[in-house]
Amino acid sequence: MKIGFIADSAADIREEWQKKYDIKVIPLCPTIDDVTYTPGVDITNEEYYDLILNSEDFPTTSQPPAEVVANAYREMLEKYDAVIYVTISGAASETNNVANMAAKELIAEGKDLTVIDSEQLCVGIGVPVVNAARMRDAGASKEEIIEYLMTATRRDTPYFLVDDLTQLKRGGRIKGSKVVIANLLDIKPILWVNEGLTQVMDKVRGSKKSLVKLVEIMEEKGDNLKDKDIYVAHARGGEKLDLLVKLIEERIGPKSIQIESIGPTIVTHSGVGVVCIYFEHKA
């Protein structure tokens, strides 16, 4: 059975992997200053960072139209016997509902479509999808792939270090008074995806201490990471990114550290300067 994969742009799958594994990516388009952009088509990640930094308006993102999703299904079904769409967390976006509605008619026609709510964001979606495509190429069955995707997306979550609380405040995700106090005390929140939503896991004072905390989380929760790939995603992480990579190399010594770019869907809410870690957790 030939199996195809669909994800949305919240998965932040690098372009070379999209092409290599023929992963169809449905854009979740941000709107800023009354202009709607298609990620990876008419705006790059770097250009979007500049827009956020220079705009006085708060950007928004929206789920894709059902017809866009249906067309993606049809396109992939022309090449594959079965198609699996792993969506952004259903608790964070209506995209999963749209994906299921668009699939319903095609499934009634006998098409083999599976929609999976990742309950995740960013590399918490993208890495499992890429791994699933690698499993397919190695001969895994659809049932084995679905079992892996359900396990990995529930077990492994990314952890985010937000550089500035301003964007969270603009999005109504934190009170303005807390932003002032946090900035005065140099408090850095560490966020994680829990039950499909981004939540505060810890608060650490000082940028370096917060990076050390991220590595401590990896040491505590990681499963034999010396033999695994670790993913570090960022939006202009700068010196934080460099120091985080150095700490991981020194304290974890993984098989590899893969650097990923965080796109508009996540940066709309996290702000520029965010860094993120993703790794395989203990069962």
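# A walk through two sheets and their helices

In this predicted model, begin by selecting β6 and β7: these two strands pair in the parallel sense, over six bridges. Zoom in on Thr-87 and you will find Asp-117 of β7 standing opposite.

**Stop 1: the four-stranded sheet**

Now widen the selection to β2, β1, β6 and β7. Together they make an open sheet of four strands, in the order β2-β1-β6-β7, with parallel pairing. Which strands stand at the edges? They are β2 (23-26) and β7; each has a single partner strand, so one side of each is left without a neighbour in the sheet. Turn the view slowly to see the twist, which averages 20 degrees from one strand to the next.

If you wonder what holds such strands side by side, strands of a sheet pair through backbone hydrogen bonds, either parallel or antiparallel.

**Stop 2: helices on this sheet**

Add helix α3, residues 66-77. This helix packs on the sheet and touches β1, β2, β6 and β7. Compare its direction with that of β2: the angle is about 170 degrees.

Next, show α6. Helix α6 lies across β1, β6 and β7, and runs at about 10 degrees to β7.

**Stop 3: a closer look at α6**

Select residues 142-155 and try a little arithmetic. The helix has 14 residues, and at 1.5 Å a residue these should span 20 Å; the end C-alpha atoms of α6 are 20 Å apart, which agrees.

Now colour Lys-142, Ile-145, Tyr-148, Leu-149, Ala-152 and Thr-153, which are buried in α6. Why do they appear on the same side of the helix? They cover an arc of only 125 degrees around the axis, which puts them there together. Spin to the other side of α6, where Glu-143 and Glu-147 are exposed.

What covers the buried residues of α6? The cover includes β1 (3-8), β6 (82-87), β7 (112-117), α5 (123-137) and β13 (275-278).

**Stop 4: the six-stranded sheet**

Strand β13 leads to our next stop. Select the open sheet of six strands, ordered β10-β9-β8-β13-β11-β12, and notice that its pairing is mixed. At the edges stand β10 (197-205) and β12 (256-261), each with a single partner strand, so one side of each is left without a neighbour in the sheet. On average, neighbouring strands here are turned by 25 degrees against each other, direction ignored.

Focus on β9 (residues 187-194) and β10. These two run antiparallel and are joined by eight bridges. To see one such pair of residues, pick Asn-194: its bridge partner in β10 is Leu-197.

Bring back α5 as well. This helix lies across β11 (229-234), β12 and β13, running at about 40 degrees to β13.

**Stop 5: two aspartates in loops**

Finish with a pair of single residues. Go to Asp-12, in the loop between β1 and α1 (15-20). Asp-12 has a positive phi of about 50 degrees although it is not a glycine. Is Asp-12 buried or exposed? Its relative accessible area is 12%, under the 20% cut-off, so Asp-12 is buried.

Then jump to Asp-34, in the loop between β3 (30-32) and β4 (35-36). Asp-34 also has a positive phi, near 65 degrees, and is a residue other than glycine. With a relative accessible area of 79%, Asp-34 is exposed.

Definitions and conventions: Residues numbered from 1 in each chain as written. Predicted model: local features only at pLDDT ≥ 70, side-chain atom pairs only at ≥ 80, totals over all residues. Heavy atoms only, no water. Expected span 1.5 Å × (residues − 1). Buried < 20%, exposed > 50% of the residue type's maximum accessible area, 1.4 Å probe, protein only. Arc of directions from axis to C-beta. Contact = heavy atoms within 4.5 Å. Pairing = 2+ DSSP bridges. Axes fitted to C-alpha atoms, helices over the stretch in contact; angles between N-to-C directions.
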